[in-house]
Amino acid sequence: MKFAAPLIAFLALAVVLVLGLQRDPRVLPSALIDQPLPMIGSPLLQQPDQRFDGVQLRGQVWMLNVWASWCGPCQEELPALNVLAARDRVPLYGLNYKDKSAPALAMLARFGNPYRSSAVDADGRVGMDLGVHGVPETFVIDASGRIRYRHLGPVNSEVWNTKLMPVVKALQ
Amino acid sequence: MIGKLAVIVVWMLLQGMGLAQASDGDIALEARELKLAGQLRCVVCQNQTVAESNAPLAADMRNVIRTQLQAGRTEREIVDFFEQRYGAFVHYSPPFQASTWLLWIGPFALAIIGLTVLIAVLRRRMAHAEPAPLTEAQRTRARQLLDEESNL
């Protein structure tokens, strides 16, 4: 009986700490949720004479995937993105982050290109405006041009079906 | 000949002064850059500041700090710039806000609770500290022991 209070206090602390251990400290909420998508005025990877224009995409829910050819998980997610974006007819655009165009184009040629177009962010400044920590990252942008969701890490069919698509469907 | 030498020496002195001035400015800028970078967290390698980290993102952030300082932005504006993009987490020393008050106040609150409990327990012990009076048997025993001691 004498030890009941310390025991309960200890168990409560243990539960709090165990719950804390389950959390991934790398998963941070994006500071840009519900904020307008920053201006991405950079040239397109495939048509360098044209510029990416986010304003033209207003009126639809779309996804922006930040990728690079030097990033292994980006290669891994490409086949999944190819199948899933086509299946669910979600407009998927890319941001080629701190990359060179030759290897970037080679990677798309090899693994397939899931993007309607990719904007070039050679120096990473657009990525910084988006608060990108590391590639790959995937943003869901609503019809008014606001960022509504961010996924860190590669997309597979589970992430697509359980995280990204519910957000897209709710916004559509 | 001497005239030529003098011209060269004066030219070299001027060059040296110019260099010294430029590097003074550079050193001041670098010091401000490092000071700011030391206040910001590298979001990739979370327990390092932007100044300490070797991550490419931290290098980008240092470059941005430098260009913004050169453009005359204040330190407050530069920190806000990063906070808008990476959230309050980017402060290496977290600001006092709804999600961090427990972090700031918690240790002091725990210390106060601990001290209060300690004082309460000690007071109670002091109150019960009055020793019970010795029984007659104990008294004789004690006297015997003391006598033995003095006889030695």
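User: What makes two residues of chain A and chain B count as being in contact, and how many residues does each chain bring?

Analyst: Two residues are in contact if their C-beta atoms, placed from the backbone, lie within 7 Å. By that rule, chain A gives 10 residues and chain B gives 11 residues to the contact. On the side of chain A that touches chain B, five residues are nonpolar, four polar and one charged; Ala, Val, Leu, Ile, Met, Phe, Trp, Tyr, Cys and Pro count as nonpolar, Asp, Glu, Lys and Arg as charged, and the others, Gly among them, as polar. The model is predicted: local features need pLDDT of at least 70, side-chain atom pairs count only at pLDDT 80 or more, and totals for chains, interfaces and linings use all residues. Residues are numbered from 1 along each chain as its sequence is written, while chains are lettered from A and ligands numbered from 1 in the order in which they are written.

User: Why is chain A called more spread out than a compact globule?

Analyst: The globule rule (2.2 Å times the number of residues to the power 0.38, set against a radius of gyration over C-alpha atoms) gives 16 Å for 172 residues, and chain A has 20 Å, so the chain is more spread out than a compact globule.

User: What makes α1(A) a helix lying largely in the open?

Analyst: A residue is buried if 20 or more other C-beta atoms lie within 10 Å of its own, exposed if 12 or fewer, and partly exposed in between, with C-beta atoms placed from the backbone. Of the 19 residues of α1(A), zero are buried, so the helix lies largely in the open. In chain A, buried residues make up 36% of the 172 residues.

Key. Helix = DSSP H or I, 4+ residues; strand = E, 2+ residues; numbered from the N terminus.
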